[in-house]
Amino acid sequence: MGELKQYTVQDVKSANDDRMRTMLIIYDKVYDLTDFLNEHPGGEEILLDHGGKDASEDFDDVGHSTDAHELMEKYLVGEIVESERRNLTKKSGWKPGYNSTNPEKEKYVQGPGTPFVAFAGAVILAAIALFYFFN
């Protein structure tokens with residue numbers, strides 16, 4: 001793509017003033033999401049609410065898919081000038097089944113376990129007993 005266009009935070013904010021464009025910042029990169037508004041699975045309102053702002057943390061908090069991250073490249077139009085960059089660290093995200101600091105030992109996501117099964121069985125037996133007792 002070559003050199004990315006340089007934007008100040010104010011440039012991004014101003015581009016959204018007339019509501020004809022929706023640009024936002026994610027990890028010091030500037031995205032023009034105007035053409036993506038109607039396609040966004042979470043609805044256009046969330047993008048409009050974040051227009052002109054740094055949405056990095058909120059973007060991570062939602063937990064976007066790998067496909068979403070790849071799709072972002074299509075809407076990349078520039079980056080924030082170096083003097084205004086926040087240099088935030090991207091969150092690594094949630095990984096199913098890896099709940100400890102040593103994920104090599106946790107190969108599979110564990111189910112609810114024996115206590116839950118025993119409790120569920122007891123509830124079912126109690127329901128059957130009550131049904132026959134009151135009929």
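**Pocket, surface patch and salt bridges**

In this predicted model, the largest pocket has a lining of 21 residues. F36, H40, L47, F59 and H64 lie nearest the centre of this pocket. The space inside the largest pocket comes to about 470 Å³. Several elements contribute at least two residues each to the lining: strand β2 (23-26) and the helices α2 (44-50), α3 (56-62) and α4 (66-75). Helix α4 supplies the largest share, with 5 residues. In character, the lining of the largest pocket is made up of 15 nonpolar, 4 polar and 2 charged residues.

A nonpolar patch was found on the surface. I124, L125, I128, F131 and Y132 make up this patch. Together they have about 600 Å² of accessible area. I124 belongs to helix α5, which spans residues 114-133. The relative accessible area of I124 is 52%, so this residue counts as exposed, the cut-off being over 50%.

The salt bridges were examined next. The structure contains 5 of them. One joins R21 to D32, with 3.2 Å between the closest N and O atoms. This pair links distant parts of the chain, 11 residues apart. R21 sits in the loop between α1 (9-15) and β2, while D32 sits in strand β3 (residues 29-32). The two partners were also assessed for accessibility. D32 has a relative accessible area of 18% and is therefore buried, as the limit is under 20%. R21 is partly exposed, at 35% relative accessibility.

R86 takes part in a salt bridge with D54, at 3.1 Å from N to O. Distant parts of the chain are linked by this pair, with the two positions 32 residues apart: D54 is in the loop between α2 and α3, and R86 is in the loop between β4 (76-80) and α5. R86 also forms a salt bridge with E57, where the closest N and O atoms are 3.9 Å apart. E57 lies in helix α3 and R86 in the loop between β4 and α5, so this pair ties together parts that are 29 residues apart in sequence. D54 is partly exposed, at 26% relative accessibility. E57 is partly exposed, with a relative accessible area of 43%. R86 is likewise partly exposed, and its relative accessible area is 45%.

A network of salt bridges was also identified. K29, E79 and R85 are linked in this network.

How values were computed: Residues are numbered from 1 along each chain as its sequence is written. This is a predicted model: local features need pLDDT of at least 70, side-chain atom pairs count only at pLDDT 80 or more; totals for chains, interfaces and linings use all residues. Side-chain values use heavy atoms; hydrogens and water are left out. On a 1 Å grid over the protein atoms alone, a cavity is a set of points where a 1.4 Å probe fits but cannot get out, and a pocket is an open set with protein on both sides within 12 Å along at least five of seven lines; lining residues have an atom within 4 Å of a point. Grid points are joined across faces, edges and corners, and a volume is the space filled by probe spheres set on the points. Helices (H or I, at least four residues) and strands (E, at least two) are DSSP runs, numbered from the N terminus. Ala, Val, Leu, Ile, Met, Phe, Trp, Tyr, Cys and Pro count as nonpolar, Asp, Glu, Lys and Arg as charged, and the others, Gly among them, as polar. Patches are made of residues with over 30% relative accessible area and no salt bridge: like charges are joined within 9 Å, nonpolar side chains (Val, Leu, Ile, Met, Phe, Trp, Tyr) within 5 Å. Accessible areas come from the Shrake-Rupley method with a 1.4 Å probe; for residues, only the protein chains shown count as cover. A salt bridge is a side-chain nitrogen of Lys or Arg within 4 Å of a carboxyl oxygen of Asp or Glu. Buried means under 20% relative accessible area, exposed over 50%, partly exposed in between (1.4 Å probe, protein chains only).
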